[in-house]
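Please read the following report alongside the sequence and the structure. The text moves from the overall fold to the charged side chains.

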Amino acid sequence: MTIKTADLCDAYDAYVQVCEPIFTSYGKQASFTGPIVTLKVLDDNVLVKKALETVPAGTVLVVDGGASVRCALLGDNLAAIAASRKLAGIIINGCVRDTAELKDIEIGILARASVPKKSKKEGKGEENVTLEFGGVQWHSNHYVYADEDGVIVSDRLLGETE
């Protein structure tokens, strides 16, 4: 079964929010879907690593990094953790690094840009909070659907198309 955001928008228009086209795909999987777990950090990826090590398989970790381009919140080591734990994807309102390696890691990764500098390691941030970026609200336990056409968010599980 394949999830197509265009078909979901057509069938469930009243139930979806369409994210602005602000992301670039960096992971091997261009299409992914799953329940959301949210995280808000700024230039610090300690909580990102903690979440990738603990959230359930099939989850999409959505990180609001404040659209910062000062440092990367995810690189190949953290992406490999997420892939090994079978997370569905990672969406970062911020930057990644190690992009040559990320494209070979079996997970969906969306971010605003890449930058080579690593983040701080202070452990500051907020978990499971409502986020707002890309013109949509992101809530833990809602659902995200991403593919080459874009990203949509819904408060309910939407049907699958063949």
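## Overall build and charge pairs

In this predicted model, buried residues make up 47% of the 162 residues in the protein. The chain is arranged into four helices and twelve strands, and its C-alpha atoms fill a box of roughly 45 × 30 × 25 Å along the principal axes. A compact globule of 162 residues would be expected to have a radius of gyration near 15 Å, and because the protein has 14 Å, the value agrees with that expectation.

The contacts tell how the chain is folded back on itself in terms of sequence distance. Among the contacts with a separation of 6 or more, 73% are accounted for by residues 24 or more positions apart. On the outside, the protein exposes about 7,800 Å², of which carbon and sulfur atoms supply 47%.

Turning to charge, the protein carries 17 positive and 23 negative charges, and the mean positions of these two sets are 10 Å apart. The structure holds six salt bridges, and the table lists some of them, with the distance between N and O atoms.

| Acidic residue | Basic residue | N to O distance |
|---|---|---|
| Glu127 | Lys50 | 3.3 Å |
| Asp98 | Arg97 | 4.0 Å |
| Glu122 | Lys124 | 3.5 Å |

What does the salt bridge between Glu127 and Lys50 tie together? The side chains of Glu127 and Lys50 meet at 3.3 Å, N to O. Glu127 lies in strand β8 (residues 126-127) whereas Lys50 lies in helix α2 (residues 46-54), so this pair ties together parts that are 77 residues apart in sequence. Glu127 counts as partly exposed because its relative accessibility is 39%, and Lys50, also at 39% relative accessibility, counts as partly exposed.

The salt bridge between Asp98 and Arg97 has its closest N and O atoms 4.0 Å apart, and the cut-off for a salt bridge is within 4 Å. Asp98, at 27% relative accessibility, counts as partly exposed, and Arg97 is likewise partly exposed, with a relative accessible area of 28%.

In the remaining pair of the table, the side chains of Glu122 and Lys124 meet at 3.5 Å, N to O. Is Lys124 exposed or buried? Lys124 is exposed, with a relative accessible area of 55%, where over 50% is the cut-off for that class. Glu122, by contrast, counts as partly exposed because its relative accessibility is 46%.

Conventions. Residues are numbered from 1 along each chain as its sequence is written. This is a predicted model: local features need pLDDT of at least 70, side-chain atom pairs count only at pLDDT 80 or more; totals for chains, interfaces and linings use all residues. Side-chain values use heavy atoms; hydrogens and water are left out. Helices (H or I, at least four residues) and strands (E, at least two) are DSSP runs, numbered from the N terminus. The radius of gyration is taken over C-alpha atoms; the globule rule is 2.2 Å times the number of residues to the power 0.38. Buried means under 20% relative accessible area, exposed over 50%, partly exposed in between (1.4 Å probe, protein chains only). Contact means heavy atoms within 4.5 Å. Accessible areas come from the Shrake-Rupley method with a 1.4 Å probe; for residues, only the protein chains shown count as cover. Lys and Arg count as positive and Asp and Glu as negative; His and the chain ends are not counted. The place of a charge is taken as NZ of Lys, CZ of Arg, CG of Asp or CD of Glu.
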